[in-house]
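Subject: Structure handover

Hello,

Here is the structure I promised to pass on. Please open it and keep it beside you while you read.

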Amino acid sequence: MASVPTVGGPRDVAELGRTLMHEHVVNVTPEFARDYPHLAWPEGRAAAVDAAVRGLREVRAGGIETVVDATAFGHGRDVAFVQEVAARVEGLDILLATGLYSFGHLPFFAELRAHREPDVLTTMFLHDIEVGIAGTEVRAATIKCATDRPGMTPEVERILRACAAAHRQTGAPLTTHTVAELRNGLDQQRVFAAEGVDLSRVLIGHSGDSQDLDYLKELMDAGSTIGADRFGMYMEGFPGLEERVGTVAALCRDGYGDRIVLSHDFTYHTDWFDLDDPPFEFPAEWAPTHVAAVVVPALLEAGVEEAQVEAMLVDNPRRLFSHGGGY
Ligand SMILES: [Zn+2]
């Protein structure tokens, strides 16, 4: 069996168990947190670690054994924070991501090396996968990139191509952020396919924000897995529990249960806004235990078979990490 790097060391993919494929343990902007810790960690960093430990212990108690932290460089990744948390949550594996999270802007260290080969971005991603992240021995298990409202700008396309190159060398699966209503998972597939990526090794994230079955089936017919990965994010303008469950149930009825994964896109601590005064109302359901406690029973109620639920939580994540290395 293939093995996958976790924060606690390599694991046999057969041991991953029920897996949440898109969560964030922490999003803290390094320069902001270094210079203005009172703004990034208003209650103190230790309190944020404690809160994440408490939350992840509840997740583990709900039967989840693995959490994929889809926090790439540029998204506020903090490997030391995740290591501290992981060491205190018994029986839960956390997998980390490399990649670059940007909707268009590239940092100067990337922009001003654009003429160099290989792309410095690929060099960074390979270091995280093959050596370790930020001076630790924790290796990245997946490669993350994003396409948001600005679409496939030249900068975003460069990031995707750099991710594809690191993927092809290592086999680590690709995982993405999309704006599902813009159907930009298809743009991502086009760039990946042009780079020779086997689309069955790609997870198109945030697809569950869409109820457009034709779009979702097109992504899966091309081989990719889709993320119904924002359960609990029932903010204005987003589908609610019933709509999201209905979409997954309809796709399972049509035989797509082997290409869907479930998650929350939950963040345990972020410095992107003041947690006591967020820019939008977060519904009470947006909690990291929501999938296990509420979504799974709702899917069964909607006619999804037990085996399909198991596939979405166990088999499909395992398949994505069961690659045989690079191409
Ligand atoms: Zn996310």
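Below is what turned up, site by site. Please bear in mind that this is a predicted model.

**The zinc site**

Start with the metal. Which residues coordinate the zinc ion? They are H22, H24 and D265. The two histidines each bind through NE2, and D265 binds through OD. The distances run from 2.1 to 2.2 Å. Along the chain the donors follow the spacing H-x1-H-x240-D. H24 sits in the loop between β3 (19–23) and α1, while D265 sits in the loop between β10 (260–262) and α11 (290–301), so this pair ties together parts that are 241 residues apart in sequence. Both H24 and D265 are buried.

**Pockets**

Next, the open spaces. The largest pocket has a volume of about 830 Å³. Its lining is made up of 37 residues. Nearest its centre are R230, M233, M235, F238 and F280. By class, the lining of this largest pocket has 17 nonpolar, 12 polar and eight charged residues.

The second largest pocket holds about 500 Å³ of space. It is lined by 23 residues. P30, F73, G74, H75 and G76 lie nearest the centre of this pocket. Two elements, α1 (30–35) and α4 (79–87), give two or more residues to the lining. The largest share comes from α1, with three residues. The lining of the second largest pocket divides into 13 nonpolar, seven polar and three charged residues.

**One cavity**

How many cavities of 30 Å³ or more does the structure hold? There is one. Its volume is about 30 Å³. The residues that line this cavity are M21, V68, T142, P173, L174, T175, L203, L320 and F321. The elements that give two or more residues to the lining are β7 (174–177) and α12 (306–321). Seven of the lining residues are nonpolar and two are polar, with no charged residue.

**Aromatic rings**

A search of the whole structure finds 10 aromatic pairs. Ring pairs link F266, Y268, F273, F280, F282 and W286 into a cluster. You have met F280 already, as one of the residues nearest the centre of the largest pocket.

A ring also takes part in a contact with a charge. The charged end of R45 sits over the ring of W41. The distance to the ring centre is 5.8 Å. R45 belongs to helix α3, residues 45–61. Is R45 buried, exposed or partly exposed? Its relative accessibility is 28%, so it counts as partly exposed. R45 also comes within 9.6 Å of H269, C-alpha to C-alpha. Those two residues are 224 apart along the chain.

**Backbone points to check**

Look at three places in the backbone.

- E117 and P118 are joined by a cis peptide bond, with omega at about -10°. P118 is in the loop between α5 (108–111) and α6 (120–130).
- A134 has a positive phi of about 55°, although it is not a glycine. This residue is in the loop between α6 and β6 (142–146). A134 has a relative accessibility of 65%, so it counts as exposed.
- R183 is not a glycine either, yet it has a positive phi of about 55°. Its place is the loop between β7 and α8 (185–194). R183 has a relative accessible area of 31% and is partly exposed.

**One more arginine**

Finally, R201. Where does R201 lie? It is in the loop between α8 and β8 (202–204). R201 has a relative accessible area of 17%, and buried means under 20%, so R201 is buried. G171 is 30 residues away from R201 in sequence. In space, their C-alpha atoms are 8.3 Å apart.

**Where to look on a first pass**

Begin at the zinc ion and its donors H22, H24 and D265. Then go to F280, which lies near the centre of the largest pocket and belongs to the ring cluster. After that, view R45 over the ring of W41. End with the cis bond between E117 and P118.

Best wishes

Terms used: Residues are numbered from 1 along each chain as its sequence is written. This is a predicted model: local features need pLDDT of at least 70, side-chain atom pairs count only at pLDDT 80 or more; totals for chains, interfaces and linings use all residues. Side-chain values use heavy atoms; hydrogens and water are left out. On a 1 Å grid over the protein atoms alone, a cavity is a set of points where a 1.4 Å probe fits but cannot get out, and a pocket is an open set with protein on both sides within 12 Å along at least five of seven lines; lining residues have an atom within 4 Å of a point. Grid points are joined across faces, edges and corners, and a volume is the space filled by probe spheres set on the points. Ala, Val, Leu, Ile, Met, Phe, Trp, Tyr, Cys and Pro count as nonpolar, Asp, Glu, Lys and Arg as charged, and the others, Gly among them, as polar. Helices (H or I, at least four residues) and strands (E, at least two) are DSSP runs, numbered from the N terminus. Rings of Phe, Tyr and Trp (its six-membered ring) pair if their centres lie within 6.5 Å; planes under 30 degrees apart count as stacked, over 60 as edge-to-face and the rest as tilted. A charge sits over a ring if NZ of Lys or CZ of Arg is within 6 Å of the ring centre and within 35 degrees of the ring normal. Donors are N, O and S atoms within 2.8 Å of the metal (3.2 Å for Na, K and Ca); water is not among the atoms, so sites may look incomplete. Buried means under 20% relative accessible area, exposed over 50%, partly exposed in between (1.4 Å probe, protein chains only).
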